[in-house]
Amino acid sequence: MWSVHYLLKDRNRLEKQLKKEKNMEKLSKEELSEMFLKMYKIRLFEETVEKLYFQGLIRGALHLYIGEEAVAVGACSAASKSDYAISTHRGHGHCIAKGGN
């Protein structure tokens, strides 16, 4: 019975959060443009890495982030500058979205 209580509590918390998000301001054209440029930068990096890999210049396993660019950009855009980003074997996108070069 206690698990149902916690599920309902989480549902109430989630509903409150969704109401707050609906009232958030929309992103400006500048913010959207910056996000697009970050996604494009990630894609260019990944395509370059892929070419280098198939030329034999990068050894080992390669796990590309192609198609996932919006995930990193969205998550890192919502985070503050002082927040850490912890990723798995496809961390290139997060690093670039967080400002790495």
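Glu-69 counts as buried, because its relative accessibility is 7%, and this residue is a useful place to enter the model, which is a predicted one. Glu-69 lies in helix H3, the helix that spans residues 69-78. Leaving aside neighbours within four places in sequence, the residues in contact with Glu-69 are Met-39, Ile-42 and Arg-43. With Arg-43 there is a polar contact between the two side chains, at 2.5 Å, while the backbone nitrogen of Gly-67 is reached by the side chain of Glu-69 at 3.0 Å.

The pairing of Glu-69 with Arg-43 also qualifies as a salt bridge, with 2.5 Å from N to O. This pair links distant parts of the chain, since Glu-69 belongs to helix H3 and Arg-43 to helix H2, 26 residues apart. The two partners can be described separately by their accessibility: Glu-69 is classed as buried because its value is 7%, below the 20% cut-off, whereas Arg-43 is partly exposed, with a relative accessible area of 29%.

The structure holds 2 salt bridges, and Glu-34 and Lys-38 also meet through their side chains in one, at 3.7 Å from N to O. Here the partners are 4 residues apart in helix H2, so about one helical turn separates Glu-34 from Lys-38. Glu-34 is partly exposed, at a relative accessible area of 47%, and Lys-38 is likewise partly exposed, at 23%.

Helix H2 covers residues 29-54 and includes Leu-37. Leu-37 takes part, together with Phe-36, Tyr-40 and Leu-44, in a nonpolar surface patch of about 420 Å².

Returning to helix H3, Ala-70 has its place there and counts as partly exposed, because its relative accessibility is 49%. The C-alpha atom of Ala-70 is separated by 9.0 Å from that of Gly-93, a residue 23 positions away along the chain.

The cysteines deserve a separate look. A disulfide is a covalent bond between the sulfur atoms of two cysteines. A search of the whole structure finds 0 disulfides. Cys-76 is in no disulfide, and the cysteine sulfur nearest to its own, that of Cys-95, is 9.2 Å away. Why is Cys-95 in no disulfide? The nearest cysteine sulfur to that of Cys-95 belongs to Cys-76 and is 9.2 Å away, and a disulfide would require the two sulfur atoms to be within 2.5 Å, so this pair does not meet the criterion. In terms of accessibility, Cys-76 counts as buried because its value is 12%, whereas Cys-95 counts as partly exposed, at 46% relative accessibility.

These local details can be set against the protein as a whole. Its secondary structure comes to 4 helices and 0 strands, so that from the N terminus on the elements run α-α-α-α. Of the 101 residues in the protein, 14% are buried, Glu-69 being one of the residues that count as buried. The accessible surface of the protein comes to about 8700 Å², and carbon and sulfur atoms account for 58% of that surface. Among the contacts in the protein with a separation of 6 or more, 53% are made by residues 24 or more positions apart; the salt bridge between Glu-69 and Arg-43 joins residues that are 26 positions apart.

How values were computed. Residues numbered from 1 in each chain as written. Predicted model: local features only at pLDDT ≥ 70, side-chain atom pairs only at ≥ 80, totals over all residues. Heavy atoms only, no water. Helix = DSSP H or I, 4+ residues; strand = E, 2+ residues; numbered from the N terminus. Buried < 20%, exposed > 50% of the residue type's maximum accessible area, 1.4 Å probe, protein only. Contact = heavy atoms within 4.5 Å. Areas by Shrake-Rupley, 256 points an atom, 1.4 Å probe, with all protein chains shown as cover. Patch = residues over 30% accessible without salt bridge, like charges linked within 9 Å, V, L, I, M, F, W, Y side chains within 5 Å. Salt bridge = Lys/Arg side-chain N within 4 Å of Asp/Glu carboxyl O. Polar contact = N/O pair within 3.5 Å; in protein donor to acceptor, adjacent residues only side chain to side chain.
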